[in-house]
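Trainee: Got a minute to go through this one with me? I'd like to start with the charged side chains.
Mentor: Sure, pull it up.

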Amino acid sequence: MEIYKTELLMINGGGTISGTLLNSIVRGINALLDLGRSLGTAIRRIGSNSVCPI
């Protein structure tokens, strides 16, 4: 079966946001928030001089 150029031009699709893409965006945002929390906690602990010696 052959599909001609005029039939190929009439094919529509792929314009929506998939669940996988949305899930990866949410996971990326959560990772950035966790990184910010960790960095903020580290800065706060250094500022209050409550860092455990190594």
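Trainee: Is R37 buried or exposed?
Mentor: R37 is exposed, because its relative accessible area is 53% and the cut-off for exposed is over 50%. Keep in mind that this is a predicted model.

Trainee: Which residue does R37 form a salt bridge with?
Mentor: That's D34, and the closest N and O atoms of the pair are 2.7 Å apart. Side chains of opposite charge can pair when their charged atoms come close.

Trainee: Where do D34 and R37 lie?
Mentor: Both are in helix α2, 3 residues apart, which is about one turn of the helix.

Trainee: And D34, what does D34 count as in terms of accessibility?
Mentor: Partly exposed, because its relative accessibility is 43%. The band for that label runs between 20% and 50%.

Trainee: How many salt bridges does the structure hold?
Mentor: Just 1 salt bridge.

Trainee: Ok, switching to the helix itself. How many residues does α2 have, and how far does α2 reach?
Mentor: α2 has 29 residues, covering 19–47. From first C-alpha to last it reaches 42 Å, close to the 42 Å expected at 1.5 Å a residue.

Trainee: What follows α2?
Mentor: N49 does, with a positive phi near 60 degrees.

Trainee: What about nonpolar stuff on the outside? Which residues make the nonpolar surface patch?
Mentor: I17, L21, L22, I25, V26, I29 and L33 make a patch of about 650 Å². L21, for one, sits in helix α2 and counts as partly exposed because its relative accessibility is 42%.

Trainee: How many helices and strands are there in the protein chain?
Mentor: 2 helices and 0 strands. α1 covers 5–9, and the loop between α1 and α2 includes M10.

Trainee: Is M10 buried or exposed?
Mentor: Exposed, because M10 has 63% relative accessibility. M10 is also 62 Å from I46, C-alpha to C-alpha, with their positions 36 residues apart in sequence.

Trainee: Got another pair like that?
Mentor: Try S38 and I3: they are 35 residues apart in sequence and 55 Å apart in space, C-alpha to C-alpha. S38 lies in helix α2 and is partly exposed, with a relative accessible area of 49%.

Trainee: So what about the overall shape? What radius of gyration does the protein chain have?
Mentor: 25 Å, while a compact globule of 54 residues would have one near 10 Å. Along the principal axes, the C-alpha atoms fill a box of roughly 75 × 20 × 15 Å.

Trainee: What share of the residues is buried?
Mentor: Buried residues make up 0% of the 54 in the protein chain.

Trainee: Last one: how much area does the protein chain expose, and what share do carbon and sulfur atoms supply?
Mentor: About 5,400 Å² is exposed, with carbon and sulfur atoms supplying 64% of that area.

How values were computed. Residues are numbered from 1 along each chain as its sequence is written. This is a predicted model: local features need pLDDT of at least 70, side-chain atom pairs count only at pLDDT 80 or more; totals for chains, interfaces and linings use all residues. Side-chain values use heavy atoms; hydrogens and water are left out. Patches are made of residues with over 30% relative accessible area and no salt bridge: like charges are joined within 9 Å, nonpolar side chains (Val, Leu, Ile, Met, Phe, Trp, Tyr) within 5 Å. Accessible areas come from the Shrake-Rupley method with a 1.4 Å probe; for residues, only the protein chains shown count as cover. A salt bridge is a side-chain nitrogen of Lys or Arg within 4 Å of a carboxyl oxygen of Asp or Glu. Helices (H or I, at least four residues) and strands (E, at least two) are DSSP runs, numbered from the N terminus. Buried means under 20% relative accessible area, exposed over 50%, partly exposed in between (1.4 Å probe, protein chains only). The expected span of a helix is 1.5 Å times one less than its number of residues. The radius of gyration is taken over C-alpha atoms; the globule rule is 2.2 Å times the number of residues to the power 0.38.
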